[in-house]
Amino acid sequence: MFGITFLELVLFGQQFGLALAGAASFWGLVFILKGTHHQHGDTCVTFDWLSRRLIYLLYAGAGIAIISWFVISFMTPAHAHEGIVIVPELAERLAAIKFTSPVFMLWIFLFLPLGLFSRVTPAQFHRRLSVFYALHFAVILFLISIPAWSGEISSRQLFFIGHSAHSIFTLGTVLVLDFLFLISKASLHLKRHIYPVFPTISKVILVGLGIDFLSVALVFSEAIALTPKFFFMQTIIGILLINGSILAGPLTRRLITAAKGGSGKLGERWEFLGDVAGTISITSWFTITFIDYFAGLSLGYGGLLLIYVSVLLTAIAIHLLWERLHRDHVSEQLFAWHRSGGYTG
Amino acid sequence: MLWLGKLRFGETLIFLTGILLLGNVLFISQTGDFTYWVAAKLAYVLGVLLFIFEK
């Protein structure tokens, strides 16, 4: 459908899973180090708690990546037997699967079971959580950096590395940011600790996009073709930058001020703007990573834009509805009590 | 448009880069000229550097 092949879809699944797992291990490690840096109780305990929560995201991403990898492994010989003409880019992707398979197996059988220690010997495990995250991050960074293997370290290969690895710092980190935002919604204590980290996370996301821009510069004449897909991607990147500057700037500052001020609540207008900007961010990052995986898309610029706008409006509607239905009344009462001077904690 | 006045310098540059990229979609499709597209990417790098180091 629309020129999308099943193999490309599964390859995207692997990229998505690795980006999520990579970002979770990266930020898990950062939070552990941040917690250790702050020796005093509150901050140390909060970041330690947050880093433990990120294990769930790590395993969710790993699960998606591993299932996709197994499907790809079973599909590859079938493609060869059917005699389908594989375009060079696909051949390079298949070469990458062969090249990274030993590391993938090492990851599945050696590193992922390490998480079981969190159940058997929790105290020992949490003492070594930084090593656990560092190991995962190193392995995932390698796996995601080789989405295609050209056979040598050339500018083309460096482009593949930059063009793929940035997903940890862009799509994956946006997902982690959303996760942090959601888990902090009902707790003023968490908001006060998590919101001040948002500017740093935004910087990493923007630098991640910069890595992609630089990787494209390596193969500029080869990589650029004036296709509907190119124009569509540039439109989405433009939207991402406009949206990102508002989200990472005034909105984040507003969130931090609200959390520090005591209520943790934005005004109605800012809250609406925040919900919309957050949804645009995650939908757009998902869209450009998704579209990038399909070489032979048959949709024109208008068709792609129509689907994007439809998905975006649906996502915004679902998000706003969810917000309305899952309003945290207990916290709101607590905040109201705080505003009246009855609660100071 | 209240938020627009609240953007810092680096954020403004990133915001303008976004506008420039959107404009370029039309411009490149008409002319095939990438000059402003490259300029937008450079402005982005500068914007991110300012965003990182701006107090």
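These questions and answers cover a predicted model, with chain B first and a helix pair of chain A after that.

Q: What makes chain B more spread out than a compact globule?
A: Chain B has two helices and zero strands. Its radius of gyration is 13 Å, and the globule rule gives 10 Å for 55 residues. The value is well over the rule, so chain B is more spread out than a compact globule. The C-alpha trace spans about 40 × 25 × 10 Å along its principal axes.

Q: How many of the 55 residues in chain B are buried, as a percentage?
A: Buried residues make up 27%. Contacts in chain B with a separation of 6 or more can also be split by distance in sequence: 61% of them join residues 24 or more positions apart.

Q: Why is Pro250(A) called buried?
A: Pro250(A) has 20 other C-beta atoms within 10 Å. The cut-off for buried is 20 or more, so Pro250(A) qualifies. Pro250(A) sits in helix H11 (residues 228–261) of chain A. Trp270(A) is 20 residues from Pro250(A) in sequence, and their C-alpha atoms are 9.8 Å apart.

Q: How do H11(A) and H13(A) pack, by angle and axis distance?
A: Their angle is about 35° and their axes are 9 Å apart. The crossing of H11(A) and H13(A) is right-handed.

Q: Which residues of H11(A) and H13(A) meet?
A: H11(A) brings Pro228(A), Phe231(A), Phe232(A), Thr235(A) and Ile236(A). H13(A) brings Tyr301(A), Leu304(A), Leu305(A) and Tyr308(A). By class, this contact has eight nonpolar residues, one polar and no charged.

Terms used: Residues numbered from 1 in each chain as written. Chains lettered and ligands numbered in written order. Predicted model: local features only at pLDDT ≥ 70, side-chain atom pairs only at ≥ 80, totals over all residues. Helix = DSSP H or I, 4+ residues; strand = E, 2+ residues; numbered from the N terminus. Rg over C-alpha atoms; globule rule 2.2 N^0.38 Å. Buried ≥ 20, exposed ≤ 12 C-beta atoms within 10 Å, placed from the backbone. Contact = placed C-beta atoms within 7 Å. Axes fitted to C-alpha atoms, helices over the stretch in contact; angles between N-to-C directions. Left-handed = near helix turned anticlockwise from the far one by under 90°. Nonpolar A, V, L, I, M, F, W, Y, C, P; charged D, E, K, R; others polar.
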